[in-house]
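User: I am new to this structure. Please walk me through the reasoning behind the terms used for it.

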Protein chains: 2
Amino acid sequence: MEFETALVSKARLIDQALDECLPPELAPPGVIHQAMRYSVLSGGKRLRPALVLGAAEAVGGRAENVILAACGIELIHCYSLIHDDLPAMDNDDFRRGRPTNHKVFGEAIAILAGDALLTLGFELLARAGMAAASPAAGLRALVEVAQAAGTEGMVGGQVLDITSQEVGVGAELVEQIHRRKTGALFVASVRTGAILSGASEEQLAALDDYGRAVGLAFQIADDILDVVGEASKLGKPVGGDAQKRKLTYPGVFGLPAARERAKAAAAEAVAALRKFGPEADFLRGAAQFVINREF
Amino acid sequence: MEFETALVSKARLIDQALDECLPPELAPPGVIHQAMRYSVLSGGKRLRPALVLGAAEAVGGRAENVILAACGIELIHCYSLIHDDLPAMDNDDFRRGRPTNHKVFGEAIAILAGDALLTLGFELLARAGMAAASPAAGLRALVEVAQAAGTEGMVGGQVLDITSQEVGVGAELVEQIHRRKTGALFVASVRTGAILSGASEEQLAALDDYGRAVGLAFQIADDILDVVGEASKLGKPVGGDAQKRKLTYPGVFGLPAARERAKAAAAEAVAALRKFGPEADFLRGAAQFVINREF
C-alpha cells in the first residue's frame, strides 16, 4: 500500500477512536468538552499516533492493540499546541486554518482544555497499558511519554523557544529546541507502540534512532514551510516564525543547508530500520513523507 | 502518636522525597525548575500525600512503598494551584504567604511550570506502580488519579468555579464544585495509597466514603477560613472569595450551617472507617484535623 493511503487509513481509525475517547460536548460542564473537541478534532495529520501504530506493526504487533496509546499521545500533542498558542506564549490567532482555542473559548478555558487533554492523555496511556500483554510495559511506556512531555522534552523545549528570542541565536540551541519540542515525542511515539507490543531492546534502540531522525526531519521541514509555504496550506500566516524572531533551522543555517539536513535526517531514519523487514514499510514511508510535504 | 506529630513526621518524609523528585534548579533550562520548586517547596501541609501514606498503613501496607505516588499526587495538587492563580483564572497575587508563581516568573513560565508538574506527577505515579506489588494496580491507581484531575474532577470543578460567578448561586452547584475541585483528589489519594498496597474492594469502598467526606469537610473549613480567618495564617488576604463572588459553603448556607455540615462530614469520615483497627488512626485524626484548623 502507498504510504499516503496507509496514513489516511490509520488517521481515520485514530479520528474515530479520539471521538470515542473525548467526553461528549453535552456532558457538563459542556464548554470544556467543546474546547477539547474543537482543538483535537480539527483535522490534523495524526502523524504521531500513526507512528505509534506503525511501530507496533514493525515489531510484529497489531495496530488495534495500541490505538488507545496512540490517542493518548495525540492528546498530549494537542494540549501542547493549545498552550503554545496562548497570549502569554506565542500569541497565535490561527492554527490549522481556524482561530486558536483561546480566540474561541477565552484564555481560562483554553488553559483548562490543555490541562484536561494532558490529563486524559495519560489516562488513555494507562488504559492502553492495562490492555497490553504486560502491565509493566504499560508503566514503562507511560514513564517515557511523561519524560518526553516534561522539562527534558516538550516543556523544556518550549521554555528555550520562548526565552531564546532574548538570549540570541545559535546552531546548538536550535537543534536542542527541536530535539525537545518535537523529537522527544516522536521517539516516545514509536517506542510506546513497540514497548506495548513486546519489542526487544535491540528493536527499541533502532526505533530510538529512527524517531530522533524522523522528528528532526519533520521539524526542519516545518521550519522551511513557514518560510516558503503557502498560507492556505499552512492554515496560518507564512513567515510567523521570523516575525516572532523564533529560532528556526533555515534562519540559522540558511534554506539550502536546512533542506540538505532534512533530507539527510530522513535517510538516517530509513537507515535505522535496516534490520526490519517489510513490516516497517509504513515507518520508512513516514520518513520520506515528512520531508516531501514541501520540497 | 498524636495526629499532628504524625502529620509533621509524614510531611517531613514527603518534603524530602519531593526535593529529590524535582529536577535541580541548575539543570537547564533552569528557570522552569526554579518555578516548579518555588511552588512545590513552599511549606504546604502535605495533607493529600499524607493521606496516601495513611491509607497504605490503614490496609496493612508500608508508607515507604507509596511515597512516590504521594509525591505524584502532591505535584498534581500544586499544578492546579499555579494554574488557578493565573490572571486569566482567579488572578491571585498571594499563595501561602508568598507571591504567586506568575508574579515571580511571569505568566508563560507559570503555565509551563504547571504543565511540567502535572506531567511529572503522572511520571511519579507510574514509577510508584513499577515498585508496587502489582504493576496492574499501578495502572489502576493512575487511571483513578487522572479521572480525579480531569473534567470529571479538578478541571471540571475549576470550570464550574470560574463560570458560576456568571450563572448564579445554588446549593447543589457549590457541593458539585467542592466535590470536583477538592473531593475527587482526596478520594484518589486514599484509594491510590490503598490500591498500591493491595487493598480489598471492600476496603476501597470504605476509603471512598472516607475520602469524599473528609474532602468535603476540608473544603467547607477552607471556605469558612476565608471568611473568619486571619490573613497572617491564611497567607493571603481574608475575604477573597466574597470579593471575587466565588460560590462558597458559608456564602450559600450561612456560617452556622456551614460549620455544622463540616462537623457532620468529619464524623461521616470517621464512621466510614469503622471496620478498620488502630492502623487507620492517622486517617481518623486527619478527619478531625481538617475541621479543627479553625473552629
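User: Why are α10(B) and α15(B) called roughly parallel to each other?

Analyst: This is a predicted model. In it, the axes of helix α10 (residues 201-228) of chain B and helix α15 (residues 281-292) of chain B cross at roughly 20°. Angles under 35 degrees count as roughly parallel. α10(B) and α15(B) are therefore roughly parallel to each other. Their axes come within 8 Å, and α10(B) passes α15(B) in a left-handed crossing.

User: What makes up the contact of α10(B) with α15(B)?

Analyst: The contact has 10 nonpolar residues, no polar and no charged. From α10(B) come B:Tyr210, B:Val214, B:Ala217, B:Phe218 and B:Ala221. They meet B:Leu283, B:Ala286, B:Ala287, B:Val290 and B:Ile291 in α15(B).

User: How do you know how the two copies are related?

Analyst: A turn of 180° with a shift of 0.0 Å along the axis lays chain A on chain B, with an RMSD of 0.0 Å. The two copies are thus related as by a two-fold rotation axis. In chain A, A:Pro135 comes closest to that axis, its C-alpha at 2.8 Å.

User: Why is it said that the copies meet through the same surface?

Analyst: Because 100% of the interface residues of chain A are also interface residues in chain B. In total, 42 residues of chain A are in contact with 42 residues of chain B. On the side of chain A, α6(A) gives the largest share, 15 residues. That side divides into 27 nonpolar, 11 polar and four charged residues.

Key:
Residues numbered from 1 in each chain as written. Chains lettered and ligands numbered in written order. Predicted model: local features only at pLDDT ≥ 70, side-chain atom pairs only at ≥ 80, totals over all residues. Axes fitted to C-alpha atoms, helices over the stretch in contact; angles between N-to-C directions. Helix = DSSP H or I, 4+ residues; strand = E, 2+ residues; numbered from the N terminus. Parallel < 35°, antiparallel > 145°, perpendicular 65-115°, else oblique. Left-handed = near helix turned anticlockwise from the far one by under 90°. Contact = placed C-beta atoms within 7 Å. Nonpolar A, V, L, I, M, F, W, Y, C, P; charged D, E, K, R; others polar. Least-squares fit on C-alpha atoms with pLDDT ≥ 70 in both.
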